[in-house]
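Welcome to this tour. Please open the structure in your viewer and keep the selection tool ready.

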Amino acid sequence: MPDMSPKKTPMPEQDPNVRNKNFDEVSLGYTLEMAKAEASRCLNCKNHPCVSGCPVNIQIPDFIAQIVKGDLDEAYRIITKTSSLPAVCGRVCPQESQCESKCVRGIKTESVGIGRLERFVADYHMSQNADNVVKPEPNGHKAAVIGSGPSGLTCAGTLAKLGYEVTVFEAFHIAGGVLMYGIPEFRLPKAIVQREIEELKALGVDIKTNMVIGKILSIDELFEDGYEAVYVGTGAGLPNFMGIEGEGLIGVYSANEFLTRINLMKAYKEEYDTPINKPKRVAVVGGGNVAMDAARSALRLGAQSVSIVYRRSEEEMPARKEEIMHAKAEGVEFRVLQNPIKIIGDDNGNVIGLECVEMELQEPDASGRRRPIAKAGSNFILDVDSVIIAIGNAPNPLIHRTTPGLESNPKGCIVVDDETLATTKDAVYAGGDAVTGAATVIKAMGAGRKAAKSIDNMIKSKQL
Amino acid sequence: MFKILEKAELNPSMTKMVVEAPLIAKKAKPGQFIIYRVDEFGERVPLTIADTDKEKGSVTIIFQKVGYSTMLLDKLNVGDYILDFVGPLGVPTELFNCKKAAVIGGGAGCAIAYPQAKALFNMGVDVDVIAGFRNKDLIILEDEMKAVSSRLFVLTDDGSNGVKGFVTTALEANINSGCEYDLVIAIGPVPMMKAVCNVTKPHGIKTIVSMNPIMIDGTGMCGGCRLTVGGKIKFACVDGPDFDGFEVDFDELMKRNAMYRDFEQKARSKDCRLLKQAEVD
């Protein structure tokens, strides 16, 4: 009999007033008892609607049934049949709008905590130190992956399991992409990302860092080097700015820069040389996960006040619900229906204020979105010394600027066939944020997996 | 890991290093840069490529020991390895075939101006090189610059080499004596580049400047190197580092470059890792 308790088994967490001063992980993870209790809330529905909500179609009720039985190795095996980075996804997927949104339990009460269970199984596997990865039989074919973020790693892992000799090229000095530079330690510990990458290396994936493809080598040169297919997973690495006065002032950061200094370059640790000016009063512009990450990081650096400034209402915020709740509990102030129009600086070019206007939402337009418009005469100035802009990213331009034959749309997104993810250039595939613009880790992983299958089909069809 | 093949002190504040990086050497063009990171705890620092040797597979960098991370790099010797060395980044300088060009370098900027002068000279352009230094002890690359120019003008701020003045002094004198430049390339401290533009603008001489803002990744991701060019935000790493000098907001760039000055001073203080290491050595 399933456990019919209406609420999810609570996740143990660091106390908000303790965690907002450290960079350790906020959610501490389930114990075996908690995981079993949560797993037994699953009804194991016949048509398992949750699976259709997962971009990589993890067989969710099957792995949950194994947790109830206590066979965690089997649970892990089921998850990793279709997912490459379970410890990552269990932590950062927007489950409430994916698998958990389809959960039958969620219709009347809270859905099953699928993400928490996935994380539990992945963490258990890592804690066992079981390096039972079997290197697949080589199939004699070589593929190159550009970018080692979630999309590239998934594509590489999927191809490696099929026997391909895969090389991943990464521009930074360390692999992981946004998982390393973007998502903070307190939400996704970097040691976990590196463990997942070690698993891929054990499968035979070769990762070359410090390689900016398009500069040091072109895609055509990769083909000359014997690679038969190329996957472009270069992400959405070109931060948008608002185009308002004062964005060049000292104390204005893109969220990418602020987070990279902290996460990748470890500015919060004494022993690292990375400089960062520790802000006191911070405004973060935007309402997505990146905005929440930046705001919560600013608190942890010791800021006295941190506000999220968002031009729509909280309902429209694209961030995961859990991130919004965590940010609020930690003391981030939410200023919704407010929009920055000018950043004010002193004579030395330092930020001393952010001028905003109040906004109101119009009736939904044809697209169903409620457009915000400024209320006349509602201008006011926020007393801040730092402004972090987290209003999204455009796709990175390096590859398409340096690769003849690779088409992209006016927004800079690489054009692909929806079914195969083939680009306009022969044997070159693309996916993730480089194609869609900034989206989620799991969608990028879904694309990486899809492209790997297309690459395999393409290479097999050539042999016929 | 990237091996240091040669190291030479050009003057008390500047060092030249030749680094083994065959793939970068093969691709690099004048105006492009690399980013290095000395060790696990180090910053990522951009440096413009001073020269390459495709045969030997080496890249030459010349740096001024001004900040903590350049001092850390300077502690390495021939045979040592630099942990990370990535490039060639940025868009190469658009060197077009013109009749007469002035290539202007200020201090450490001469290290970057030199490959530009060399490329133009090899294209058959009549090149004047104008190089400015604070005093005669800081003069670098004099023979090299002489070899790739029709005329070389070396000036010092204090006149200690016998020619007192700024680079603009020589540039103005040349223009006033009837020199018809079609192109000016200016590389050096931001105030110098601004001053050069103020000289060339009234004459409508196309002037290219090379920007040196603070950077992290060098691939467009962080946006830290942004500057205002023609009223629009541009990223020095992917849109530059060269820009039309008449369009650049130099004043904003000067302020942004001072962003971590306090941090730099702290780094030079007693707590710094370099000094601790020096005590151990």
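Which residue does A:R300 form a salt bridge with? Select A:R300 and A:E330 together: these two form a salt bridge, and their closest N and O atoms are 2.8 Å apart. Keep in mind as you look that this is a predicted model.

**Stop 1: a link between two helices**

Colour the helices around this pair. A:R300 belongs to helix α14 of chain A, while A:E330 belongs to helix α15 (residues 321-330) of chain A. The two residues are 30 apart, so the pair links distant parts of the chain. Are the partners buried or exposed? A:R300 counts as buried because its relative accessibility is 6%, and A:E330 counts as buried because its value is 3%.

Now widen the selection. A:R300 and A:E330 are members of a network of salt bridges. Other members to click on include A:E13, A:R19, A:R187, A:D293 and A:R296. A:R320, A:E322 and A:E323 are linked into the network as well.

**Stop 2: along helix α14**

Select residues 289-300 of chain A, which make up helix α14. How far does this helix reach from its first C-alpha to its last? The span of its twelve residues is 16 Å, close to the 16 Å expected at 1.5 Å a residue. Try showing the surface here: α14(A) is mostly covered, with ten of its twelve residues buried. Among the buried ones are A:A291, A:M292, A:L299 and two members of the network, A:D293 and A:R296. After the helix, click on A:G302, which follows α14(A) and has a positive phi, near 105°.

**Stop 3: a salt bridge inside one helix**

Next, select A:R261 and A:E257. Their side chains meet in a salt bridge of 3.0 Å, N to O. Both sit in helix α13 (residues 255-263) of chain A, and because they are four residues apart, about one helical turn separates them. An α-helix has 3.6 residues a turn, so residues three or four places apart point the same way. A:R261 is buried at 3% relative accessibility, and A:E257 is buried at 2%.

For another setting, go to A:E333 and A:R335, whose side chains meet in a salt bridge of 3.7 Å, N to O. Here A:E333 counts as partly exposed, at 38% relative accessibility. Over all chains, the structure holds 40 salt bridges.

**Stop 4: where chain B meets chain A**

Colour the two chains differently and look at the place where they touch. How many residues of each chain are in contact? On chain B there are 43, and on chain A there are 41. The chains bury about 3600 Å² between them, 59% of it on carbon and sulfur atoms.

Two salt bridges are counted between chain B and chain A. To see one between the chains, select A:E221 and B:K27: their side chains meet at 2.4 Å, N to O. There are also 19 residue pairs in polar contact across this interface. Which element supplies the largest share of the side of chain B that touches chain A? Strand β7(B) does, with six residues. By class, this side of chain B has 22 nonpolar, eight polar and 13 charged residues.

**Stop 5: unusual backbone spots**

Most residues other than glycine have a negative phi, and most peptide bonds are trans. Here are some exceptions to look for.

Stay with β7 of chain B, where B:P88 lies. A cis peptide bond joins B:G87 to B:P88, with omega about -5°. Another cis peptide bond joins B:G240 and B:P241, with omega about 10°. B:P241 is in the loop between α7 and β15 (242-244) of chain B.

Back in chain A, click on A:L337, a residue other than glycine with a positive phi near 55°. A:L337 is in the loop between β9 (333-336) and β10 (338-345), and is partly exposed at 24% relative accessible area. Then try A:L421, whose phi is also positive, about 65°. This residue lies in the loop between α16 (398-402) and β16 (428-430), and is buried, with 7% relative accessible area.

**Last stop: a buried methionine**

Finish at B:M145, in helix α4 (residues 142-147) of chain B. At 1% relative accessibility, B:M145 counts as buried. Show its neighbours: among the residues B:M145 touches are B:C110, B:Y114, B:F133 and B:L152.

Terms used. Residues numbered from 1 in each chain as written. Chains lettered and ligands numbered in written order. Predicted model: local features only at pLDDT ≥ 70, side-chain atom pairs only at ≥ 80, totals over all residues. Heavy atoms only, no water. Expected span 1.5 Å × (residues − 1). Buried < 20%, exposed > 50% of the residue type's maximum accessible area, 1.4 Å probe, protein only. Contact = heavy atoms within 4.5 Å. Buried area = accessible area lost by both parts, 1.4 Å probe. Salt bridge = Lys/Arg side-chain N within 4 Å of Asp/Glu carboxyl O. Polar contact = N/O pair within 3.5 Å; in protein donor to acceptor, adjacent residues only side chain to side chain. Nonpolar A, V, L, I, M, F, W, Y, C, P; charged D, E, K, R; others polar.
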